[in-house]
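Please examine the structure below. The questions that follow take up its surface, its charged pairs and the packing of its helices.

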Amino acid sequence: MSLVFEEVALTGSTNADLVQRAAVGAPEGLWLRADVQDGGRGRLGRSWESPGGNLFASTIVRLQPSDPQAPTLAFVAALAVRDTLHQIAPECAVQIKWPNDILSADGAKICGILLERTGEAVVIGIGINLTSSPDIPGRATTDLHKLGILPPHPQAVTEILAANMASWLMRWRQYGLQALTSEWQKFAHPVGTALSVQLPDGTREDGLYAGLNAEGALQLRLADGTIHAIHAADVFLV
């Protein structure tokens, strides 16, 4: 897979741009980075602040018949971001919150990842807080500058990220999801961590993290000992 990098000064959303381009045949390995977005999106349609200095980039993955399930690309992206942050800021300890939120050691969000599917392509959008962090009600956020780290230019970070993404994507395809989840767990909240989960219908469940199932779903141990497999939710560390 060859990597192609494009840069724009301003766009509404790099994800929206690549969703459109993927639908008309844009290739896997294309990366689009914007200096600024004025219509950035997070999960569930939330807006995502996108000021200059941070990284806002998206890429395309073309699904192949033998690939694992498309939603598990969340683990590919999370591990790629984790490796990238380790390379550019090795003194910054990070952890992963299911499935792909990247947090600082004290639990503040430093990166957001959004997957959107169009046909047989998945667009992966990544926002890394390099020099500033958005205000998100009810959630702590941080950035590398706030942590005392002088980050590289966003384009340099994008190129490192792209190489890491390609490496994890290859492993995902060659060895399957289990090879990734075993690595993912090394950097995630440990088994037994108290979690509060808000489901898509608005209901909330509290319990203890009990690992991942074979499909990558979060397993939540409820107070009565039953295990609830969570496939989509907002997850909060308690």
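Buried means under 20% relative accessible area, exposed over 50%, and partly exposed in between. The model is predicted.

Q: Is Asp67 buried or exposed, and at what relative accessibility?
A: A residue counts as buried under 20% relative accessible area. Asp67 falls under that cut-off, so the residue is buried, at a relative accessibility of 11%.

Q: Which residue meets Asp67 in a salt bridge?
A: Asp67 lies in the loop between β3 (55–62) and α2, and its partner in helix α3, so the pair ties together parts that are 106 residues apart in sequence. The N to O distance is 3.0 Å. The partner is Arg173.

Q: Which residue in the loop between α1 and β2 pairs with Arg173?
A: Arg173 is partly exposed, at 21% relative accessibility. Its partner in that loop forms a salt bridge with closest N and O atoms 2.8 Å apart. The pair ties together parts that are 145 residues apart in sequence, because one member lies in the loop before β2 (30–37) and the other in helix α3. The loop residue is Glu28.

Q: Is Glu28 buried or exposed?
A: The relative accessibility of Glu28 is 15%. The cut-off for a buried residue is under 20%, so Glu28 counts as buried.

Q: What is the distance between the closest N and O atoms of Glu6 and Arg21?
A: Glu6 and Arg21 form a salt bridge. The pair links distant parts of the chain, with Glu6 in strand β1 and Arg21 in helix α1 (residues 14–23), 15 residues apart. Glu6 is partly exposed, with a relative accessible area of 29%, and Arg21 is also partly exposed, at 29%. The closest N and O atoms are apart by 2.9 Å.

Q: How many salt bridges does the structure hold?
A: The pair of Glu28 and Arg173 is one salt bridge, and that of Arg173 and Asp67 is another. Salt bridges that share partners also join Lys97, Asp101, Lys109, Arg139 and Asp234 into one network. The number of salt bridges in the structure is twelve.

Q: How are α2 and α3 oriented to each other?
A: Helix α2 (residues 73–88) and helix α3 (residues 154–175) pack with their axes 8 Å apart, at an angle of about 135°. The crossing of α2 past α3 is right-handed. At that angle the two helices are therefore oblique.

Q: Which residues form a nonpolar patch on the surface?
A: One member, Phe5, is found in strand β1 (residues 4–11) and is partly exposed, with a relative accessible area of 30%. Together the members have about 260 Å² of accessible area. The patch is formed by Met1, Leu3 and Phe5.

Methods:
Residues numbered from 1 in each chain as written. Predicted model: local features only at pLDDT ≥ 70, side-chain atom pairs only at ≥ 80, totals over all residues. Heavy atoms only, no water. Patch = residues over 30% accessible without salt bridge, like charges linked within 9 Å, V, L, I, M, F, W, Y side chains within 5 Å. Areas by Shrake-Rupley, 256 points an atom, 1.4 Å probe, with all protein chains shown as cover. Salt bridge = Lys/Arg side-chain N within 4 Å of Asp/Glu carboxyl O. Helix = DSSP H or I, 4+ residues; strand = E, 2+ residues; numbered from the N terminus. Buried < 20%, exposed > 50% of the residue type's maximum accessible area, 1.4 Å probe, protein only. Axes fitted to C-alpha atoms, helices over the stretch in contact; angles between N-to-C directions. Parallel < 35°, antiparallel > 145°, perpendicular 65-115°, else oblique. Left-handed = near helix turned anticlockwise from the far one by under 90°.
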